[in-house]
There are 2 protein chains.
Amino acid sequence: MSESTKYLLDEEHLPKAWYNLAADLEAPAPPVNPGTGQPMGPDDLTRLFATGVVEQEMSTERWIDIPQPVREVYRLWRPSPLIRARRLEKALDTPARIFFKYEGVSPAGSHKPNSAIAQAFYNQQDGVKRLVTETGAGQWGSSLAFAGDLFDLDVRVYMVKISFNQKPYRRALMETYGATCIASPSSETAAGRAILEANPDSNGSLGIAISEAVEIAASRDDTKYALGSVMNHVCLHQTIIGEEAMMQMEMADADPDIVIGCVGGGSNFAGLAFPYMREKLKGKAVRCIGVEPTSCPTLTKGAVAYDFGDTGKLTPLVRMHTLGSGFMPPGTHAGGLRYHGMAPMVSLAMEKGLMEARSYQQTECFAAAVTFARNEGIVPAPESSHAIKAVMDEALRCKAEGKADTILFNLSGHGHFDMQAYTDYFGGKMTDTPFDQAALDASLATLPKVAV
Amino acid sequence: MSESTKYLLDEEHLPKAWYNLAADLEAPAPPVNPGTGQPMGPDDLTRLFATGVVEQEMSTERWIDIPQPVREVYRLWRPSPLIRARRLEKALDTPARIFFKYEGVSPAGSHKPNSAIAQAFYNQQDGVKRLVTETGAGQWGSSLAFAGDLFDLDVRVYMVKISFNQKPYRRALMETYGATCIASPSSETAAGRAILEANPDSNGSLGIAISEAVEIAASRDDTKYALGSVMNHVCLHQTIIGEEAMMQMEMADADPDIVIGCVGGGSNFAGLAFPYMREKLKGKAVRCIGVEPTSCPTLTKGAVAYDFGDTGKLTPLVRMHTLGSGFMPPGTHAGGLRYHGMAPMVSLAMEKGLMEARSYQQTECFAAAVTFARNEGIVPAPESSHAIKAVMDEALRCKAEGKADTILFNLSGHGHFDMQAYTDYFGGKMTDTPFDQAALDASLATLPKVAV
């Protein structure tokens, strides 16, 4: 076992291909047109997405080459470091070995640019001039802003109005990268105008912002839409995390017994875990654990069903774990985990028994994040703190059982843009909402009727 | 010439010693007691500082071993990457090669922990229980909070009240590391109470905050004071930046013709440049350029004189470039560069012709920072943007002259806690203040009378 703290790969070892779990598991069920009830093909999707991205969405090829211009940009911060959390191990007095892949080193501070860069590239290839997207907390919006900047695409981000007002620094980051950030609902779209007419003071929602972005993308030939999680191609792009981690764990002379990531739409978890699931399908003993908020328990309490990807019911139907597209989780600081659905490939992995899921309340996650910061220095994003809480619980189980498991987790981003959440935590202003089962039951009762 | 973008050192190559320029240049003039006019010795300084730190302050040894526990902490993020700014080179269409050392990878986001960790260690060695310090913008305060956390020291940070109120996220970062952050002036000290009595609404100043911290440190046996720049030992600790950079430039098969850093108190510049000055003293041709704000032009317009380190005239007198301890620079976003004095060793290097200095207005620095971010991804701290502006000017000079100089600069920190400044820049709310020569003349007229 190596004595090092960090395992760094030079850029010659940057992976040359993304890994596609569909090749080893099964092809994900196709999206369904909510109007006709019929499966959708590539042509239906290219109205909104670049052709390269649509091909990946449908692909069952095991390895998909990372284009050279994408690798050139990845080199700005990738390979990301693998770090052994030796001080945390000592603080927990555990025989477990804890490693983490640190994605907060990207310019935007999270794993999101791994897919944003790829999507920007494929759109540029198609001659697209403009990308539109939505953002809640702002991680994805700032990542796509950065990506669009490097591939000469005009980027417009519809940001949920309450976040737009409360999180001006994420907006400033998008503007620094040259993007335009618009408070949603806006008067720029029919969807936005309709909302504003009904309620001029609307705070907006992710559902409304998606509707606005999709409307713009659908109405202009030079404009496409980009999504930061959930879809197969996004999970695919994120697998560079796990492929690097495998090489780095080998440098550390270690092999994970447990792989952990937080799950919102599922992409950062997929990025680290899918390559390990490939080995699990070949017989390797490894547990993969997705960690979600108790307030938005998609994998632990949701149904597997065809459902809309957005609250406004404008998107295709996709087969996934879902709480119902009308389910409204209470406001928490882990904005990136407040999504009613789950990446179809993560849902499939769950159904096939390749992974487990668990949920935690936000205050216990912040307590874990503070313990982490006080030992390892890095202040985690609120989303990532969910993974850390699970890691600490597993490490303490190892202590109780006297087992020296090797735990690997994805520290998907830093929390430097989330310090208000820490302020609320220290100020005793952070609360946990008991889960509302009746609200979930009501939401699930309205799922569209499509045979899964 | 290597084709890589990043040059990473594994932690086995973490330098084992700091470099002390005093050994090759000359011993800096000793601090002087303002009451007696007499030079101060180690005993005078140990009232406020740990013995290990005081020894380093006076040392003329060339190499000072980095203690193993300090190296253990450095390993959390060091060696920091050396990055070639290939996209910036292309954007500027320059034959120059631009490299930068990126110190924003530290948990606190800047170079400051390099000294904070060392100071915390030496204080722990002395049995000190508590460190007190002041902070303006918060970079140093959060770094010392992090360091104190790792070496079991209680840390109290007196933060200038206007910053305390305007920058709650830096305060939240300090609290995340377990430190206590107090708005200054406070009612905890005689100095603070006197100010509040005269003006209950005082916004505070760095001078007042220093007075409060020094008062607490001087009055308690278990408590010492820590300073984040200016002093010899701080510059010493920062030389790990330059020592790493030398190894990494060799990996890149490159050798800098020009070394650039921003200067406030001088420590990040010293950290990168002093090792190159050692080589310059042996005959190597290398230009070292310190870059400061036009609004606080210590090296370019200051006098060399014995002066107080603080506005409150409580500290020893040190021989340095100074604008006068009563000089009040206009408010700018580069809070870390708003200091009237300069590290005595940097001043000495300037006097000996080992370096040049130049100054820029803040809006041209922000324009440079935005160009940098749009090409390299990293959003620079406002302080670091001064170095970037000078780098771009040198690269454009190279273009005009058809010269392929190699430029190396210190990107001392990221700007994720400084997005309000970017918001002001994009919103057209950032202004440049013409330099007030009359105010400087008046300030210099009041310098204490000590022969230099």
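Visitor: How many bridges join strand E10 of chain B to strand E15 of chain B?
Guide: The model under discussion is predicted. In chain B, strand E10 covers residues 258-262 and strand E15 covers residues 406-411. The two strands run parallel, and Ile260(B) stands opposite Phe409(B) in E15(B). The number of bridges that join E10(B) to E15(B) is three.

Visitor: At what angle does helix H13 of chain B run to E10(B)?
Guide: Helix H13 of chain B, residues 267-281, packs on the sheet. H13(B) touches E10, strand E11 (287-293) and E15 of chain B. The direction of H13(B) makes with that of E10(B) an angle of about 155°.

Visitor: Which strands of chain B are the edge strands of the open sheet of seven strands?
Guide: The order of this sheet in chain B is E1-E4-E5-E15-E10-E11-E14, and its pairing is mixed. An edge strand here pairs on one side only. The two that do so in chain B are strand E1 (6-7) and strand E14 (356-360).

Visitor: At what angle does H16(B) run to E14(B)?
Guide: H16(B) lies across four strands of chain B: strand E4 (82-84), strand E5 (97-102), E14 and E15. Relative to E14(B), the helix runs at about 95°.

Visitor: Why is one side of some strands left without a neighbour in the open sheet of four strands, and which strands of chain B are these?
Guide: The order of this sheet in chain B is E8-E7-E6-E9, with parallel pairing. Two of the strands stand at the edges and each has a single partner strand, so one side of each is left without a neighbour in the sheet. These strands of chain B are strand E8 (180-184) and E9.

Visitor: Which residue stands opposite Arg130(B) in E9(B)?
Guide: Strand E6 of chain B, residues 130-135, pairs with E9(B) in the parallel sense over three bridges. Opposite Arg130(B) in E9(B) stands Thr223(B).

Visitor: At what angle does helix H10 of chain B run to E6(B)?
Guide: Helix H10 of chain B comprises residues 206-219. H10(B) lies across E6, strand E7 (154-160), E8 and E9 of chain B. Its angle to E6(B) is about 170°.

Visitor: How many residues of chain A are in contact with chain B, and which residues of chain B lose the most area to chain A?
Guide: The contact involves 44 residues of chain B and 44 residues of chain A. The two chains bury about 3,900 Å² between them, 54% of it on carbon and sulfur atoms. Three residues of chain B together account for 17% of what that side buries. The count for chain A is thus as given, 44, and the residues that lose the most area are Tyr169(B), Thr176(B) and His416(B).

Visitor: Which residue of chain B forms a salt bridge with Glu11(A)?
Guide: Across the interface of chain B and chain A there are two salt bridges. In the one that involves Glu11(A), the closest N and O atoms are 3.6 Å apart, within the 4 Å cut-off. The partner of Glu11(A) is Lys6(B).

Visitor: Which element gives the most residues to the side of chain B that touches chain A?
Guide: Between the two chains, 24 residue pairs are in polar contact, with both residues at pLDDT 80 or more. The elements of chain B that give two or more residues to this side are helix H3 (68-74), helix H6 (139-150), helix H8 (168-176), helix H16 (362-376) and helix H18 (419-426). With six residues, the element that gives the most is H8(B).

Visitor: Which residues does the cis peptide bond of Pro79(B) join?
Guide: Most peptide bonds are trans. Pro79(B) lies in the loop between H3 and E4 of chain B. Omega of its cis bond is about -10°, and the residues joined are Arg78(B) and Pro79(B).

Visitor: Which residue forms a salt bridge with Glu188(A)?
Guide: The N to O distance of this pair is 2.8 Å. Glu188(A) lies in the loop between E8 and H9 of chain A, and its partner is 32 residues apart, in strand E7 (residues 154-160) of chain A. That partner is Arg156(A).

Note on methods: Residues are numbered from 1 along each chain as its sequence is written. Chains are lettered from A and ligands numbered from 1 in the order in which they are written. This is a predicted model: local features need pLDDT of at least 70, side-chain atom pairs count only at pLDDT 80 or more; totals for chains, interfaces and linings use all residues. Side-chain values use heavy atoms; hydrogens and water are left out. Contact means heavy atoms within 4.5 Å. Buried area is the accessible area (1.4 Å probe) that two parts lose on being put together, summed over both. A salt bridge is a side-chain nitrogen of Lys or Arg within 4 Å of a carboxyl oxygen of Asp or Glu. A polar contact is a pair of N or O atoms within 3.5 Å; within protein, one must be able to donate a hydrogen and the other to accept it, and residues adjacent in sequence count only if both atoms are side-chain atoms. Two strands pair if DSSP finds at least two bridges between them. Axes are lines fitted to C-alpha atoms, for helices over the stretch in contact, and angles run from 0 to 180 degrees between N-to-C directions.
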